[in-house]
Amino acid sequence: MTVMTKMKGFAAAAGLAATLLTGAASYAVADEVTLTMAVPDWPPTRIMKKFFDEQYKPKSGNTVKLDVDFIPWPDFYTRVNASLTSGEQKYNFIVSDSQWLGAFVEGGYYRKINDLLDADPEFKKTLMNIHPNPLNAYSTYPYKSENYYGFPQFPDVLVNFARKDIICHEEEQKNFQAKYGKKLPCTGEELDAMTWDDFKNVGEFFRRKKGEMLAGAPAEDDFYGIAFQAGKGYDFSSMQINGFIWQMGGNIWDETQAPTGQAEGVVNSPEAVAALEKYLSMLEYMPPVAKTGTMDIFKSDELFREGKVAMNIDWIGLGEASLDPKSSKVSDKLVFGQMPGTMGPDGKMVRWSNIGGQPFVLTTWTTDAQIKEAVEFVKWWLSDDIQHQFAAGGGQSAVKSVYEDPKYVTYRPWNRAWAPQLDWQKDVWHVPQFFELLTQQQDQFDLAITGKQDAKTTLDNIAKFQQEVLKSGGLIQ
Amino acid sequence: MNASTATASPPPLTRIAPDNWKLAILVGVLVSLVAVLAAPAAVSFWIVGAMAALIAAAFAINAYRRKYYGGLLVAPAIAVLFVMNIFPLLWSLGLSFFAYQSNQQSIRFVGMANYVKVLTSELTATANWLALINTAIFVIFTVAAQMVVGFLLAMLFAKQFPLRKYLLILVLTPMMLSVVASGVFFTYYYDPTFGILSYVINALTGQQFVLMSTKLGAVTGIVFADAWMWSPFVMLLVLAGLVSVPKYLYEAAAIDRVSKWRQFWTITFPYIRGLLMLALLFRTIEAFKLADLVILLTKGGNDTMTISYHLIRIANEQNKTSEGAAISYIMLFMVIVLTNLYLYLANRRSQGA
């Protein structure tokens, strides 16, 4: 209560002070421009800052400084939200989860960049060189419209992290073949060909108690076949469940169909219910923390790095730690593949998945002088050379000419799963009500994950809530 | 200070003078009203602020001229209290009657609609009521656990025994740790794969034990962590009462051969009753606001959402400012009723005794 009220109380004062400050900064010295940026504190943003400091030479001849505020991930949304809504106008650039676009565009904080694209064909070309799926996810509001807002900072997808030493073991291979009549996937290509049913088999097959034989030696601790996100926090189950729903022919409320598209009947369609049931059916083969609703992306990653599971579906963004022997017991035993898919009726694999990663956006109070430098900076950031360096340093690139380069797959072992999956990425809603929709949905999914209600009830509740919220928001007629 | 002699002749309302606070209030209210009605919000905000400052200045000059130095001395404290506390409180009370979201530019007066919505709306009220019920569960169990454990610890440490001083420091440590540190510690303590609790129980029973997988387990886990952290606080208060009991009372009781039990109720308890009440009051108010441990241990999962955490999500994450303000005021009202009930019972008891 107090934080909120104080925030409002001082909003006007802070806003005035900020205007005076930024005004003074941009007029006093014409050839020094500072761009202030709010970013989450993790390697992809640290690398960007490092590259900027070491390599960036502005074409205009001005001195350009990038003043970066590194904010820890768990606080990131709260801090950005507080900064924007208080009106302090502190940041010129903000790294933003793609779902936040609507809320902050409607609030008048994020700057539309169509005029900048039209004024600078080179800039437009740079942006259009990005794969359309990430571009739509990171830049457009309403989703898939022609209104552009952001530039990819760190694009990300879900991939399959797997343990070579376990799944390629001869004995295990033989037993798996005998039990399921199918080869236990071992190479990257075999992982790519996995369906969720195969994934579930792996889960069932590798559930071992402490002391039972595992890959030729007694297991030191209980061992589990599979893991994926099933946590209540933020979006730590929706991001996985959406993929299941899309792959099995269902849909979430589709904002590109607004205002005629409905939530009720779509969100809780029989396909969606079947998809959620499939998702839930795998939890029993996962480490027991999955039953508590706290197995988020960080927990499943930790379990994997500690050597407790054979396969984990997680974001590439968390991958660096698993390769580092200091933070990973399995650093030398890894193989990566695409996230499992669902076999379509035509015999082709359907691989829809929820896109991860973040764009960065410009704010509306950024001055003309700052915008000029900001555009140059973005062009530099998205240039092939820098994107290659970024990918080589542990980032990812959604720029076509970069990820299509044969060199790209050599940077990191998961890069082989990157380009093919880009064609299958979709995003969750960009509408201003996203947080309301997300928290209610996460609460409901948590009830299903912890075994308190079935898939049908869960999706019925979500559909009903979304229908009412979106109706009152004018997004459903 | 010496009010009766100094205020012989209060200035008449119409006289223009820097110490005429009545006139200052009149002018301040009139100008503020005009400003609020005529000027845009961003301007009228500052005009009203300037008027408040004018009235405050008139009071200060008046106090100085009439030698109310006592009043002048506390004035800075009152000013800070007003700016940091009372003003935001009133501001949010005001907001609770408007439809307002901090990430949208529009604002509209809706009267009691926010209160009606958070208490009765089909869409949102259920979650509020569930969170309130959970909060009540946590208040009852955490406070009860802390009172009992804290009291017993105090009884233990009131006696002299070897290593008492060091043990006391050890027992007080949880209270001094940051909540985040304790939360992370307990997350691992309860974790079914890495945690010692599951490890021990699995070894004893041979069954997979996952504490946080049921509501009962999750509530137990949170209550235990909270009691671990805050029992020492209750202990400290009770211990202060225990050491203040004069020794000669016990000596006299021993001569009269009064039983230990009776000694406790007639000598010890009256000395610590006030402090127990204080501990109960503090801990109840704190427990009512419980959010940190829930966020760290369950994220509100397994039906452990408390009203405070729910409020954080509504006001700070979903930016539904005025709805959040309405919930805050309902919470404030409940806490005030609860504390007054306590105080009333405490007073009646002490008058009866």
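In chain A, strand β5 (residues 158-163) and strand β11 (residues 309-315) run antiparallel and are joined by five bridges. Within this pairing, F161(A) stands opposite N312(A) of β11(A). The model is a predicted one. The two strands belong to an open sheet of four strands in chain A. Its order is β8-β11-β5-β12, and the pairing is mixed. The edges are taken by β8 (224-227) and β12 (334-338) of chain A. Each of these has a single partner strand, so one side of each is left without a neighbour in the sheet. From one strand to the next, the twist averages 20 degrees. A helix also packs on this sheet: α11 (residues 196-205) of chain A touches β8 and β11 of chain A. The direction of α11(A) makes about 140 degrees with that of β8(A).

Chain A has a further open sheet, built from five strands. Here the order is β2-β1-β3-β16-β4, again with mixed pairing. At the edges stand β2 (63-71) and β4 (150-156) of chain A. Both edge strands have a single partner strand, so one side of each is left without a neighbour in the sheet. Neighbouring strands are turned by 15 degrees against each other on average, direction ignored. The edge strand β4(A) runs antiparallel to strand β16 (residues 356-362) of chain A, and six bridges join them. F154(A) has Q358(A) of β16(A) as its bridge partner.

Helices pack on the five-stranded sheet as well. Helix α7 (residues 132-139) of chain A touches β4 and β16 of chain A. Its direction makes about 115 degrees with that of β4(A). Helix α16 (residues 368-381) of chain A touches β1 (32-40), β2, β3 (93-95), β4 and β16 of chain A. The direction of α16(A) makes about 60 degrees with that of β1(A).

The domain assignment divides chain A into domain 1 (2-155 + 358-426) and domain 2 (158-354). Domain 1 of chain A is thus written as two segments, 2-155 and 358-426. The C-alpha centres of the two domains of chain A lie 31 Å apart. Their contact takes 17 residues from domain 1 of chain A and 18 residues from domain 2 of chain A. On the domain 1 side, the elements that give two or more residues are α2 (43-55), α20 (418-422) and β17 (425-426) of chain A. By class, that side has 10 nonpolar, four polar and three charged residues.

Packed helix pairs come next. Two packed helices are described by the angle between their axes and the distance between the axes. In chain A, the axes of helix α12 (residues 238-247) and helix α13 (residues 270-281) come within 8 Å and cross at roughly 130 degrees. That angle makes α12(A) oblique to α13(A). The crossing of these two helices of chain A is right-handed. From α12(A), the contact involves Q240(A), I241(A), F244(A) and I245(A). From α13(A), A272(A), A275(A), L276(A), K278(A) and Y279(A) meet them. The residues of this contact divide into seven nonpolar, one polar and one charged.

In chain B, α3(B) and α4(B) pack at an angle of about 160 degrees, with axes 10 Å apart. Angles over 145 degrees count as roughly antiparallel, so α3(B) is roughly antiparallel to α4(B). The crossing of α3(B) with α4(B) is left-handed. A56(B), A60(B), A63(B) and Y64(B) of α3(B) make the contact with G71(B), L72(B), A75(B) and A79(B) of α4(B). Seven nonpolar residues, one polar and no charged residues form this contact.

Chain B is also divided into two domains, domain 1 (3-95) and domain 2 (118-352). The C-alpha centres of domain 1 and domain 2 of chain B lie 42 Å apart.

The two chains also meet. In total, 33 residues of chain B are in contact with 34 residues of chain A. On the chain B side, the elements that give two or more residues are α3 (41-65), α4 (69-95), α14 (307-317) and α15 (321-352) of chain B. The most comes from α4(B), with five residues. By class, the side of chain B that touches chain A has 11 nonpolar, 18 polar and four charged residues.

Note on methods:
Residues are numbered from 1 along each chain as its sequence is written. Chains are lettered from A and ligands numbered from 1 in the order in which they are written. This is a predicted model: local features need pLDDT of at least 70, side-chain atom pairs count only at pLDDT 80 or more; totals for chains, interfaces and linings use all residues. Domain bounds come from an automatic or database domain assignment. Axes are lines fitted to C-alpha atoms, for helices over the stretch in contact, and angles run from 0 to 180 degrees between N-to-C directions. Angles under 35 degrees count as roughly parallel, over 145 as roughly antiparallel, 65 to 115 as roughly perpendicular and the rest as oblique. A crossing is left-handed if the near helix is turned anticlockwise from the far one by less than a right angle, and right-handed if clockwise. Two residues are in contact if their C-beta atoms, placed from the backbone, lie within 7 Å. Ala, Val, Leu, Ile, Met, Phe, Trp, Tyr, Cys and Pro count as nonpolar, Asp, Glu, Lys and Arg as charged, and the others, Gly among them, as polar. Two strands pair if DSSP finds at least two bridges between them.
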